[in-house]
Amino acid sequence: MNKIKKVCLILGTRPQIIKSAPILKELHKNNFVVQLVHTGQHYDYELSKAFFDQMDIMNPTLNLGVGSGTHIWQISQIMSKLESTLLKLDPDIVLVPGDTNSALAAALVAAKLGIKLAHIEAGPRANELTPEEINRRLIDHCSDILFAPTKNSLTNLRNESVYGYSYLTGDTMYDAFLENYDKIKRSKVREKLGLGNKRFVVVTIHRIENVDFSENLHKLIQILAGIINLGIEVVFPIHPHTRLKSRQFNISYNQINIVDPLGYHDMLKLIEGASILLTDSGGLQKEALWLGVPCITLRNSTEWMETVKLNVNFVLGLKEKAILRKVNEIINNSDFRKRFRNMRNPFGDGKASRKIVSLLSRT
Ligand code: UD1
């Protein structure tokens, strides 16, 4: 007999929807009463509803409709709306995936209300105080149960002496990847984008530290121009915030193949066909690894050192010369892809959600 019967999962952004999908399925399979609260942090169809449809997730029980604003405004809005919501829903436990503002706000409200709190994707550290790192550290330190995706994450939690119980479960994003692999394979995105047999790289960039500064976005354009000079096409699915900032900073994307944000299956199929992924996203660094595609991380640090140690992810910030050198090196090394053969996946065995739900059943 489960002591925990009513589970409230709180999410608000695109990557949180992906991380949560396999857990929601597993919770239903195991007859939990599931409440799903969407904070409304992401509200555009391409960043939210499209992912609910593609990942076949239940409709949210409730959407707080918070939307965009400064981080402090956003976190405080979510917190004040969530307080009365959680008091009404009265769950036995709150599940919070990832490191977004929605996750931090939800974790603080659950903790302050004295509701049991579990963090999914606990323990990754970039050791640089970016907004996401602040969020993940604070969430980990007020959680009762922590589900670590990798051994490295578990070690971080132990070293920090977190209050709650930590378990190594594997990464639920990898569960989602495996569950969706056939659909990814079937995507016709490359034909739709007219890529044919062209050699291309995929670029994504949306972090505040990169896009909110005119000089950084200009530097990115310079780097992409350098890649185009090597005879390689650049495909750039653009986050709405990056588009907004580009307009503000008068940036034009000549010769760059700008596309609207893509759905889950299309995005992964696009990356699978790319020579290299250049990104400042956290999740995409892992997905590139699973797809056997080299990654250049456009940040100064990463919370996924596991991918760096495997020598397939290179953390180069926006250093133009280093990036162009690395792109050249990768595309001229026909043996590079061999690195992915027989590679041990540090992110588990695709059964993280099953382990998490089984642990919840025994809590
Ligand atoms: C958030 C997460 C980030 C995650 C990313 C995935 C935080 C601190 N950051 O970043 O960790 O990698 O989601 O995409 O929580 N906007 C729209 N439509 C939307 C949502 C946002 O146009 O549906 C625009 C608005 O201008 C908004 C800006 O994007 O101000 C930033 O949105 P926000 O949700 O604050 O952060 P993301 O950059 O998406």
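**Exercise 1. Work out what kinds of residues surround the ligand, and which come closest.**

Step 1: by class, the shell around the ligand has 4 nonpolar, 11 polar and 4 charged residues. Here Ala, Val, Leu, Ile, Met, Phe, Trp, Tyr, Cys and Pro count as nonpolar, Asp, Glu, Lys and Arg as charged, and the others, Gly among them, as polar.

Before going on: this is a predicted model, where local features need pLDDT of at least 70, side-chain atom pairs count only at pLDDT 80 or more, and totals for chains, interfaces and linings use all residues. Residues are numbered from 1 along each chain as its sequence is written, and side-chain values use heavy atoms, with hydrogens and water left out.

Step 2: 19 residues surround the ligand (a heavy atom within 4 Å of it), and the closest are His42, Tyr43, Asp44, Asn101 and Glu132.

**Exercise 2. Find the polar contacts (pairs of N or O atoms within 3.5 Å) that ligand oxygens make.**

Step 1: start with His42, whose side chain has an N or O atom 2.7 Å from a ligand oxygen.

Step 2: Asp44 uses a backbone N or O atom, 2.8 Å from an oxygen atom of the ligand.

Step 3: for His239, a polar side-chain atom sits 2.9 Å from a ligand oxygen.

**Exercise 3. Place the ligand relative to the two domains.**

Step 1: domain bounds come from an automatic or database domain assignment.

Step 2: domain 1 (6-171 + 348-362) and domain 2 (189-340) both give residues to the shell, so the ligand lies between them.

Terms used
Polar contact = N/O pair within 3.5 Å; in protein donor to acceptor, adjacent residues only side chain to side chain.
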